[in-house]
Amino acid sequence: MLGTQARSKVKFNTDTVHSAVEQGVPRQYRGEVWKFLSEQFVLRHPVPVRSPSDNRPYKELLKQLTSQQHAILIDLGRTFPTHPYFQAQLGSGQLSLYNLLKAYSLLDPEVGYCQGLSFVAGVLLLHMGEEEAFNMLQFLMYYMGLRKQYRPDMVILQIQMYQLSRLLHDYHRDLYVHLEQHEIGPSLYAAPWFLTAFASHFPLGFVARVFDMLFLQGSEVIFKVSLSLLGSHKPLILQHDSLESIVDFIKTTLPNLGLVQMEKTINQVCEMDLSNQLQAYEVEYHVLQDELCDTPAHLNQSQRTAQLERTNQSLRQQNLDLLEELQVSQARACRLEGQVEGLAQSEALLRERVFDLEEERNGLRSAVTHLHTLLAALGIHTHTTHGDFNLDPHTHSAADTDGQRDGQRDGQRDGQRDGQRDGVPPREGLRLGQGTAMSSPLLPHPLALPEH
């Protein structure tokens, strides 16, 4: 699939792509595979959740200054501090990471730079060049919708923590109850998982597999991996009976995965489908927030005003999110309408072609019938075999029979004359003449036609 010409315009079978990624991605091709998966995603979802406000190319963005420079420089040394590529202070790895984060902060002023984003950018840089990594980061943030969780208000991250808690309640009730008894919410351990796509705490081999699935299925993968990890380690987590020991186990011991456990987790991710539940829990979260925002009677006027302003701000943000989703849905509807129109035109053309072929078939049948009639008039009998008609080699007309008789008489006379001249008895000359005449039916008949 990677070697297909004009690959970015070819929509491959979804099941085939899923099966290939599930089996594993060779490390040397991983960057190219991520690019390929992003192309396939764009073919199926041509409109991003939200388009960048600044469409300048990467090299142009690098020429500008960013107000996020200080925050980015502080986090450079904290991003994969033990990895050789990023270890040297302001070395090639850190410099590429700085350029990437700086360019994105200029591309998306609303998000700018958020702590955790450097790990996502770092994983991309380990598998592709600087400009390609920037394009893939832009794809993840806008097409996959990851940028919402990095916005300054962090509302989406709060919704994600609530969704993860509800999933634990549904799939692992005993673990959910155990964590609730010790007042351990997902934000205590899972926030870094979502903000760094597991890159800050887990082995890079596992993180690469998570990114494989992330490019393949979208941001829902983070929930699937989180749920799978917690479920597979449930017996060990239940053995701890204090807040500190539980959180320490989840943060330090749980990420030390073996190869078998890593692949088991990825296989579970491939089999899970949480999209409907995640949508329902997001609506549920907003309903609960609206109920909590009901104004109590004992609040004074200023407190009521402040609370109403917060509610209004939240509603405005929700309205913007819904507007983005509406724009995406409208774009998809227009695209589908165009596809329907194109299919209708193709159907009309095919119907015309079928009609023309039927007329051509009827004409050929008439021609065959006419040929049969002409051959019958000539005294040639035909029979058909699989649409071809052959002449009967044993059927001859009266003219053929007369010609044979004349040939026999001429052969006899010639044989007698030759026999008298050469001193041969007439009967032998007759036999010679008869032999010559008898061989004449073996000569090609003047009306004989090829078999087909």
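**Close-up views of a predicted helical model**

Glu360 sits in helix H18, the stretch that covers residues 301-377. Keep that helix in mind as you go through the views. Remember too that this is a predicted model.

**View 1. Glu360 and its acidic company on the surface.** Glu360 belongs to a negative surface patch, and its partners there are Glu352, Asp356, Glu358 and Glu359. How much of Glu360 is open to the outside, in relative accessible area? The value is 46%. Glu360 therefore counts as partly exposed, because that label covers what falls between buried (under 20%) and exposed (over 50%).

**View 2. A nonpolar patch made of leucines.** Which residues build the nonpolar patch on the surface? They are Leu320, Leu323 and Leu326, and together they offer about 260 Å² of accessible area. Leu323 is part of helix H18. With a relative accessible area of 41%, Leu323 is partly exposed.

**View 3. Glu39 holding on to Arg7.** Here you're looking at a salt bridge between Glu39 and Arg7, whose closest N and O atoms are 3.0 Å apart. Glu39 is in helix H2 (residues 30-44), while Arg7 is in the segment before helix H1 (14-23), so this pair ties together parts that are 32 residues apart in sequence. Are the two residues buried or exposed? Both Glu39 and Arg7 are buried.

**View 4. Lys63 paired with Glu60.** This is another salt bridge, with the side chains of Lys63 and Glu60 meeting at 3.4 Å, N to O. Lys63 has 61% relative accessibility and counts as exposed. Glu60 comes in at 34%, so Glu60 counts as partly exposed.

**View 5. Glu284 and Arg166 link two helices.** The side chains of Glu284 and Arg166 meet in a salt bridge, 2.7 Å from N to O. Why is this pair worth a close look? Glu284 lies in helix H17 (residues 275-292) and Arg166 in helix H9 (residues 155-171), so the bridge ties together parts that are 118 residues apart in sequence. Glu284 is partly exposed, with a relative accessible area of 27%.

**View 6. Four charged residues in one network.** Instead of a simple pair, this view shows Arg30, Arg209, Asp212 and Glu263 linked in a network of salt bridges. For the wider picture, the structure holds 14 salt bridges.

**View 7. Tyr171 and its contacts from elsewhere in the sequence.** Tyr171 lies in helix H9. Which residues does Tyr171 touch, if you skip its neighbours within four places in sequence? The answer is Leu227, Leu274 and Gln277. Now find Ser228: Tyr171 and Ser228 are 57 residues apart in sequence, but their C-alpha atoms are 9.9 Å apart in space. At 40% relative accessibility, Tyr171 counts as partly exposed.

**View 8. Zooming back out to the whole chain.** The protein chain has 20 helices and 2 strands. Out of its 452 residues, 37% are buried. Among contacts with a separation of 6 or more, 73% involve residues 24 or more positions apart. The accessible surface of the chain comes to about 26,300 Å², and 55% of that belongs to carbon and sulfur atoms.

Methods: Residues numbered from 1 in each chain as written. Predicted model: local features only at pLDDT ≥ 70, side-chain atom pairs only at ≥ 80, totals over all residues. Heavy atoms only, no water. Helix = DSSP H or I, 4+ residues; strand = E, 2+ residues; numbered from the N terminus. Buried < 20%, exposed > 50% of the residue type's maximum accessible area, 1.4 Å probe, protein only. Contact = heavy atoms within 4.5 Å. Areas by Shrake-Rupley, 256 points an atom, 1.4 Å probe, with all protein chains shown as cover. Patch = residues over 30% accessible without salt bridge, like charges linked within 9 Å, V, L, I, M, F, W, Y side chains within 5 Å. Lys, Arg positive; Asp, Glu negative; His and termini not counted. Charge placed at Lys NZ, Arg CZ, Asp CG, Glu CD.
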